[in-house]
Structures are given as C-alpha cells and as structure tokens.
2 protein chains.
Amino acid sequence: MDNTELSIQKLLNYFNKRTHLNEADEKIIADAYKLKKVKKKEYLLRQGEVCKYEGFVTKGAFRIYYIDDKGLEHVLYFAFEDWWVGDIASFYDQEPSGLNIQALQDSELLVIDKSTKDKSYEKVPALEKVFRMVIQKHLTVLQKRFLMTVSAHAEARFNELIQRCPTIEQMVPQHQIASYLGILPESLSRMKKQIAKRETHRSN
Amino acid sequence: MDNTELSIQKLLNYFNKRTHLNEADEKIIADAYKLKKVKKKEYLLRQGEVCKYEGFVTKGAFRIYYIDDKGLEHVLYFAFEDWWVGDIASFYDQEPSGLNIQALQDSELLVIDKSTKDKSYEKVPALEKVFRMVIQKHLTVLQKRFLMTVSAHAEARFNELIQRCPTIEQMVPQHQIASYLGILPESLSRMKKQIAKRETHRSN
DNA sequence: AAAAAGTCTTAACCTACATCAAGGAAAGGG
DNA sequence: CCCTTTCCTTGATGTAGGTTAAGACTTTTT
C-alpha cells in the first residue's frame with residue numbers, strides 16, 4: 001500500500017467514525033481527495049490568495065495565522081494529524097483569504113478543490129452531516145478560545161494550553177506559542193522566568 | 001394570520017433563501033418549531049443549565065454572554081431578528097452550558113428541542129446543508145472577531161462595530177457594548193470622551 | 001567551516017486599559 | 001410622583017503586557 005492509499009485510509013477512517021459509508025461512497029471520496037506534500041516553511045495558502053484547497057492533515061503540522069496592518073503575526077490555530085486546514089470563507093465564496101497556512105515541518109495532506117467538494121456533497125449526502133458536525137466542533141472550540149482570551153490573563157491562557165496540549169512546546173517554537181497566546185515573544189519569555197522563580201521559591 | 005404563523009413564515013422564508021423546500025418539508029418544519037415569548041431581562045438559558053432550545057429570533061433582541069470566575073460578564077454576541085441563538089455544544093451534547101442568553105427587550109423566537117431537531121434532519125435532509133452553511137457563517141464571523149480582538153485596540157474595535165452595526169448604540173446600553181468590545185464601561189466612557197475631543201479640535 | 005538566519009533572553013521604559021471610588025443622570029416600577 | 005435601580009461619567013492610581021534595543025545561543029545554508 002503506497003503513501004496515498006494509507007492517507008486515504010486515514011481519511012475514510014475519520015469519516016467512518018462519524019457516519020457510515022458504503023463502498024461506493026468510499027470510492028467517490030478516494031477519487032475526490034489528492035495527496036499533497038508541503039515542505040517545511042512552505043505555504044498551502046497566503047493572505048490575499050483565494051483558498052483553492054480544503055485539506056485533511058495526514059502527516060506533519062501547520063500553523064494558520066493572520067498578519068495585521070502593523071505586520072504582526074497572530075496564530076489562529078495549529079493543525080496536526082487528523083485536523084482540517086483551510087479558510088472556509090475564502091474556499092466557499094472563492095474570495096481572497098485573510099489567512100496564511102504554513103507547514104511547520106515537512107507535511108502531507110489530502111486536498112480537495114471547491115467544485116469537487118460540491119460534487120462530493122451531492123454524491124455522498126452523508127458528508128453534509130459529517131462536515132456540519134466538524135464545523136460545529138470548530139465553532140465551539142473557537143468560542144471557548146475567544147472567551148478565554150478576553151477573560152483570562154496570559155499566564156492562565158498559557159497554563160490552559162500546556163494542559164490541553166502538553167507536547168506543544170516540543171513541536172512549535174516559543175515565539176509562535178506567544179503569538180497563539182496573543183502576546184509578544186519577549187512577554188512569554190519574561191512570564192516563564194516569573195513562573196520558574198515562583199516554583200523555586202515554593203520548593204525551598 | 002396569527003403571531004405564530006407569521007413567525008413560521010419568517011423562518012420558512014429564511015430557509016427558502018438557502019435551499020428549496022416543498023410543501024411537505026414546510027409542514028414538518030412548521031410543526032417542529034414552537035413560538036416562545038421571553039420578557040425583557042428574562043433568560044432563555046443560564047450558565048450551568050443544559051441548553052434545551054435552539055431558537056430563531058423573530059422579534060426583539062438577545063445578548064449571549066459568559067460570566068468569568070471574577071464575576072465579570074463578557075458578551076459573545078448580540079442576536080437580533082433572523083439570528084439563531086443557543087449554545088451549540090450544550091444543545092448537541094446535552095451537557096451544561098457556559099453561556100447566558102438574556103432578552104434585551106420583550107422578544108419572541110421559534111424554538112426547537114434536541115430530539116425534534118434530530119428528527120427534522122432525518123425528515124428534511126436539505127436542512128443539513130442549510131445548517132452547515134449557517135454554522136460556517138457563524139464560524140467565519142467569530143474568526144474575524146477573534147483576530148480583530150487580538151490585533152486591534154479597543155478604539156478600532158469600537159469603530160468597526162459602529163460601522164458594521166450603526167444602530168447598536170440605540171439598541172443596547174453602553175456598558176454592554178463595552179463588554180462586547182472586551183473593555184470596562186469606564187474605559188469606553190473615557191474613550192468616547194477622547195474621540196469627541198479630537199472631533200471638536202479637528203472642526204475648529 | 002563560515003556565514004546567515006532564526007531563536008531566546010534580559011533590561012529599561014511606556015501605554016492601554018483595569019481598578020477603586022464616588023457623584024450625577026436617567027429610567028422604570030409601584 | 002417618588003423611590004429604587006440601572007446607567008454613565010470622571011479622577012487618581014495600578015499593572016499586564018507592549019516597545020525598543022542588544023547580546024547570546026542554535027540551526028540552517030552555502
């Protein structure tokens with residue numbers, strides 16, 4: 001079994017956890033998605049472009065971020081295996097995107113373009129429900145993140161992130177974690193020093 | 001035509017803008033949704049309760065907000081006519097909600113409970129697509145809001161709000177607008193004074 | 001192996017907004 | 001209509017995190 005087939009198997013697995021697909025459905029899906037390799041630091045999407053692909057990450061990791069008018073980057077989320085990447089608004093309306101999607105490591109994903117996706121909904125109606133639920137999940141996660149961001153200090157947000165995703169510090173550089181938390185790298189560095197100082201005080 | 005029928009007509013209208021329903025579909029939907037009246041300051045949902053209803057606002061306005069551990073309120077969004085209210089996570093998983101949904105004025109909405117909603121998806125599959133798109137829209141709006149919140153100052157967020165929703169100041173008290181912007185009422189008051197001062201300087 | 005690019009830390013200073021406190025205006029209820 | 005509650009404003013002071021600048025350390029590229 002080659003790389004593409006393995007990836008497709010992961011995707012079918014993902015779908016079958018959420019609905020039941022028959023063999024004909026699986027064939028349609030297998031034909032609709034194409035394997036795409038993206039090298040470290042390369043982009044799947046850049047701000048200003050139309051989002052051509054919706055992708056299912058099968059290997060590696062991505063960061064999805066926005067660059068504001070001052071040139072500062074703001075990480076919207078990190079995407080690892082079994083996550084979806086893309087800019088829904090840009091993909092569905094085929095209008096310029098406000099987001100950048102960059103590989104953090106050499107990565108692979110299964111991608112689908114807009115017209116193929118539309119056809120897949122027609123051919124496999126069960127996908128409507130699956131994606132409704134996937135998007136619902138995304139929405140609730142973002143809602144929680146938003147409320148956390150407006151109600152808690154950076155240190156609480158940092159602790160929450162580490163608890164929810166303990167390996168994150170091994171996977172992405174610290175300045176990108178700072179960007180995810182909504183603070184500058186300098187602030188995160190300072191904050192970690194403070195935390196460490198409190199830790200040693202406590203143990204003495 | 002009574003109040004309920006008028007409301008149902010608004011809802012069918014809303015759905016028919018996004019898909020095509022036949023008469024049987026319309027009948028099913030008309031039976032599934034019930035009119036509910038909520039007086040000013042009353043709640044459709046309180047933090048800690050399970051979200052029993054998903055609602056389509058046909059009259060009035062609501063605020064959806066979260067109370068943090070310090071007791072501070074954070075407005076997630078305001079909902080006016082033709083908007084949906086509810087806590088998706090709590091509604092679909094029937095688990096306690098983290099949100100409060102309160103009427104800002106005497107209001108009316110069409111509500112549906114979880115099991116009726118599940119049945120409506122089975123009976124009218126076209127609704128899957130409609131709600132997938134509604135939720136997609138919610139997600140993109142929240143995404144933009146989140147990025148605005150982390151990248152722009154309170155004054156820029158205020159200007160954006162006024163531009164996007166010019167009547168908001170007539171509809172909701174200023175301290176709730178402050179809460180939506182993620183600042184304290186005192187800060188918004190001060191900010192508006194600053195803006196006004198700059199305006200008069202410019203015109204002299 | 002050298003050069004270049006990227007990453008992390010530290011320090012001094014600054015600012016947007018929070019906090020605390022209090023008085024006044026408006027609005028809604030009996 | 002008064003009384004209570006809600007709402008808005010203003011001032012003094014505090015602070016989390018931003019800004020600027022610089023040095024060291026690490027990784028990648030050539």
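Visitor: Which element gives the most to the surface near DNA strand C?

Guide: α9(A) does, with six residues. This is a predicted model, in which local features need pLDDT of at least 70, side-chain atom pairs count only at pLDDT 80 or more, and totals for chains, interfaces and linings use all residues. Residues are numbered from 1 along each chain as its sequence is written, while chains are lettered from A and ligands numbered from 1 in the order in which they are written.

Visitor: What makes a residue count as near DNA strand C?

Guide: Its C-beta atom, placed from the backbone, must lie within 6 Å of the strand. There are 16 residues around DNA strand C, and A:Gln174 and B:Ala154 are among those that come nearest.

Visitor: Why is α9 of chain A called a helix?

Guide: Helices are DSSP runs of H or I with at least four residues, strands are runs of E with at least two, and both are numbered from the N terminus. α9 of chain A spans 185-203, so the name follows from that rule.

Visitor: How many residues near DNA strand D are charged?

Guide: Six are charged, beside five nonpolar and five polar. Asp, Glu, Lys and Arg count as charged; Ala, Val, Leu, Ile, Met, Phe, Trp, Tyr, Cys and Pro as nonpolar; the others, Gly among them, as polar. α9(B) supplies the largest share of this surface, six residues.

Visitor: What makes two residues count as in contact?

Guide: Their C-beta atoms, placed from the backbone, lie within 7 Å. The contact takes 26 residues from chain A and 26 residues from chain B. On the side of chain B that touches chain A, α5(B) gives the most, with 16 residues.
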